[in-house]
Amino acid sequence: MRKRLINYKFEKPLTIKLMWTCTFCNRSFEKVNQTHSCKDQSVDDFLLGKPDYAINLFDLLISKFEEIGPIKIHATKSMVVISADKGFAYVINLGKNFLDIVLPFNERFEDNLCFRKIALVPGTNDYNHHLRIMYQEDFNEEVFDYMQKAYDKGKKKF
Ligand SMILES: [Zn+2]
């Protein structure tokens, strides 16, 4: 007996899409090297149990960096590392009502209103600039400007 193909005519044509999978975050895209931000599982683990208020500030920080360019986000035991080609910003503490971020620069930016502390990283030429975000409004023009500087530092120089 011949098998009848029901609704054969109405079947969708088979589409074969070439997918590209990012090796960092395992997400698949139709375009090779699709611009996106990678966040791996370790970040979710790191944020687990952290105060909602600080997580909201963290999400805002990430979206601000994404306005600048694609980033990768990875967590270690003690911090979240945000990188472009290399790490350029570190979230070191999610408090009850604040978010502590460190931006390393090759020079001291003394003339600022946003950093609580500037400290030389031992054995390097980097100065860690400590930023505490308490309110959404703290992501002001000055802070965004330093975030851009930090991002540039995370890009490879060709
Ligand atoms: Zn990715």
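Contact here means heavy atoms within 4.5 Å. With that in mind, a good place to enter this predicted model is phenylalanine 58. Beyond its neighbours within four places in sequence, phenylalanine 58 is in contact with Val43, Leu47, Ile73, Val80, Val91, Leu94 and Leu99. Phe58 belongs to the largest nonpolar core, which has 35 residues, and together with Ile82 it touches the most other members. Many elements take part in building this core: at least two residues each come from helices H1 (41-47), H2 (52-68) and H3 (141-153), and likewise from strands S4 (72-75), S5 (80-83), S6 (87-94), S7 (99-105) and S9 (127-133). The greatest contribution is that of H2, which gives seven residues. Separate from this core is a second one of five residues, with Trp20, Cys22, Phe29 and Cys38 among them.

Two of the residues just named, Cys22 and Cys38, reappear at the zinc ion, where Cys22 (SG), Cys25 (SG), His36 (NE2) and Cys38 (SG) are the protein donors. These donors lie 2.1 to 2.3 Å from the metal. The site is tetrahedral, the angles among its four donor atoms running from 97 to 119°. Read along the sequence, the donor residues follow the spacing C-x2-C-x10-H-x1-C. Cysteine 22 sits in the loop between strand S1 (20-21) and strand S2 (28-29), whereas histidine 36 sits in the loop between S2 and strand S3 (38-39); the pair therefore ties together parts that are 14 residues apart in sequence. Both cysteine 22 and histidine 36 are buried.

Attention turns next to the strands that follow S7. Strand S8 (residues 115-120) pairs with S9 in the antiparallel sense, and five bridges link the two. Within this pairing, isoleucine 118 is found opposite histidine 129 of S9. The hairpin formed by S8 and S9 has six residues between its strands, and here glycine 123 adopts a positive phi near 80°.

Strand S9 is also a partner in the charged interactions. Six salt bridges are found in a search of the whole structure. In one of them, arginine 132 is joined to aspartate 100, with 2.8 Å between the closest N and O atoms. Since arginine 132 lies in strand S9 and aspartate 100 in strand S7, this pair ties together parts that are 32 residues apart in sequence. The two partners differ in their surroundings: aspartate 100 counts as buried, at 6% relative accessibility, while arginine 132 is partly exposed, with a relative accessible area of 27%.

Another salt bridge links glutamate 110 to arginine 108, and here the closest N and O atoms are 2.7 Å apart. Arginine 108 has a relative accessible area of 39% and is partly exposed. A further salt bridge, between aspartate 145 and lysine 149, has its closest N and O atoms 3.5 Å apart. These two residues are four apart in helix H3, so about one helical turn separates them. Aspartate 145 is partly exposed at 38% relative accessibility, and lysine 149 is likewise partly exposed, with a relative accessible area of 33%. Finally, salt bridges that share partners connect Asp100, Arg116 and Arg132 in one network.

Technical notes
Residues are numbered from 1 along each chain as its sequence is written. This is a predicted model: local features need pLDDT of at least 70, side-chain atom pairs count only at pLDDT 80 or more; totals for chains, interfaces and linings use all residues. Side-chain values use heavy atoms; hydrogens and water are left out. A nonpolar core is a set of buried Ala, Val, Leu, Ile, Met, Phe, Trp, Tyr and Cys residues joined through side-chain atoms within 4.5 Å. Buried means under 20% relative accessible area, exposed over 50%, partly exposed in between (1.4 Å probe, protein chains only). Two strands pair if DSSP finds at least two bridges between them. Donors are N, O and S atoms within 2.8 Å of the metal (3.2 Å for Na, K and Ca); water is not among the atoms, so sites may look incomplete. Four donors count as tetrahedral if all angles lie between 85 and 135 degrees; four count as square planar and six as octahedral if opposite donors are over 155 degrees apart and all others between 65 and 115; anything else is irregular. A salt bridge is a side-chain nitrogen of Lys or Arg within 4 Å of a carboxyl oxygen of Asp or Glu.
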